[in-house]
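User: I would like to go through this model with you, one question at a time. Please reason from the atoms to each answer.

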Amino acid sequence: MPKTIMLIHGAWVTTDCWTSFRDFFEAKGHRVVVPSWPYLDRPAEELRRSPDPRLAKMTIKGLVDHFAKQILDLPEQPVLIGHSFGGLIVQMLLDRGLGAAGVAIDAGPPRGVLPSATAIGAALPVLLMWRGWSRIASMSFKSFSTTFANTLSQSEQRRAYDRHIVPAPGRIYFQAALGVGNAVDFASPNRPPLLLIAASEDRTSTSSMVKAMYRKHSRAPSRTDIHEFPNRSHWLIAEPGWEEVADKALKWAEVNAKPVG
């Protein structure tokens with residue numbers, strides 16, 4: 001297995017969401033890189049107070065191109081681990097033949113995988129926002145508590161919200177809903193191994209959606225696996241029990257990642 005792991009965060013958060021995962025993997029002897037999304041490389045408080053206006057024009061392709069460049073600058077192909085929208089980015093990077101393997105945690109769906117009714121409901125605040133296509137969106141505490149961290153206590157939800165949640169580009173949600181710029185070749189013979197991780201109580205990328213992604217990706221000849229964690233929400237990378245998620249991702253990669261060299 002390569003010694004390098006790249007962690008890719010999703011919308012609404014910053015690289016800070018990966019702090020525990022980074023420490024966990026580094027303690028196992030891995031080099032961990034955690035690139036920020038464009039225009040989100042400042043503390044959360046600053047981003048909430050004055051988001052960069054260029055964020056409004058961010059596209060899915062722009063995000064994937066951004067992380068592809070980060071990968072090509074590394075001395076070896078890393079194991080890619082992404083959460084939420086970062087999980088969609090991982091799938092698209094693998095589709096380009098990048099990465100030694102990919103782990104997509106509660107991932108956003110590529111074109112061809114229909115969102116569940118629950119997931120559509122979670123995205124409605126953005127999709128119904130006036131001129132949301134060209135605006136920077138904010139997530140309310142109510143949305144976070146009901147769709148992101150619904151298995152946590154209210155005090156835990158409040159701490160996580162205040163620490164992590166930042167604005168996001170509305171455009172990428174419209175693109176994902178319309179299937180613009182998020183296609184992959186599910187049968188690609190060149191796609192590296194992929195593990196999809198689901199959370200049983202996730203209301204943003206529901207278990208049914210992750211299973212649908214697994215069925216689609218299983219058309220490829222390369223290794224495709226799925227694992228579901230019970231009693232976890234969309235916030236499973238940072239809620240209690242995150243260690244089990246990190247350990248599962250690492251042990252799977254140790255067995256299935258394409259060898260270095």
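User: In this predicted model, which residues does T151 touch, not counting residues up to four places away in sequence?

Analyst: Leaving aside residues up to four places away in sequence, the contacts of T151 are with five partners. T151 itself is found in the loop between α6 and α7. The residues it touches are E201, N231, R232, S233 and E239.

User: With which side chain does the side chain of T151 make a polar contact?

Analyst: S233 is one of the residues that T151 touches. Between the two side chains there is a polar contact at 3.5 Å. The partner asked for is therefore, with the polar-contact limit set at 3.5 Å, the side chain of S233.

User: Is T151 buried, partly exposed or exposed?

Analyst: The relative accessible area of T151 is 32%. Buried would need a value under 20% and exposed one over 50%, so T151, at 32%, is partly exposed.

User: How far apart in space are T151 and H234, C-alpha to C-alpha?

Analyst: In sequence, T151 and H234 are separated by 83 residues. In space, taken from C-alpha to C-alpha, the separation of T151 and H234 is 8.9 Å.

User: Which element gives the largest share of the lining of the largest pocket?

Analyst: The largest pocket holds about 600 Å³ of space, and 36 residues line it, with A119, A123, Y173, A176 and T204 lying nearest its centre. Two or more lining residues come from each of α4 (85-95), α5 (117-127), α6 (141-148) and α8 (170-178). By class, the lining has 23 nonpolar, 12 polar and 1 charged residues. The largest share, 7 residues, comes from α5.

User: Which element gives the most to the lining of the second largest pocket?

Analyst: The second largest pocket has a volume of about 300 Å³, and among its 18 lining residues A160, R163, H164, W235 and A238 are the closest to its centre. The elements that give two or more residues to this lining are α1 (19-27) and α7 (154-164). In the lining of the second largest pocket, 10 residues are nonpolar, 3 polar and 5 charged. With 5 residues, the element that gives the most is α7.

User: Which residues of the largest nonpolar core touch the most other members?

Analyst: The largest nonpolar core has 88 residues, and I81 is among those with the most contacts to other members. Not counting residues up to four places away in sequence, I81 touches residues including W18, F25, V90 and I105. The residues that touch the most other members are W12, F21, F25, I81, L93 and I105.

Note on methods. Residues are numbered from 1 along each chain as its sequence is written. This is a predicted model: local features need pLDDT of at least 70, side-chain atom pairs count only at pLDDT 80 or more; totals for chains, interfaces and linings use all residues. Side-chain values use heavy atoms; hydrogens and water are left out. On a 1 Å grid over the protein atoms alone, a cavity is a set of points where a 1.4 Å probe fits but cannot get out, and a pocket is an open set with protein on both sides within 12 Å along at least five of seven lines; lining residues have an atom within 4 Å of a point. Grid points are joined across faces, edges and corners, and a volume is the space filled by probe spheres set on the points. Helices (H or I, at least four residues) and strands (E, at least two) are DSSP runs, numbered from the N terminus. Ala, Val, Leu, Ile, Met, Phe, Trp, Tyr, Cys and Pro count as nonpolar, Asp, Glu, Lys and Arg as charged, and the others, Gly among them, as polar. Buried means under 20% relative accessible area, exposed over 50%, partly exposed in between (1.4 Å probe, protein chains only). Contact means heavy atoms within 4.5 Å. A polar contact is a pair of N or O atoms within 3.5 Å; within protein, one must be able to donate a hydrogen and the other to accept it, and residues adjacent in sequence count only if both atoms are side-chain atoms. A nonpolar core is a set of buried Ala, Val, Leu, Ile, Met, Phe, Trp, Tyr and Cys residues joined through side-chain atoms within 4.5 Å.
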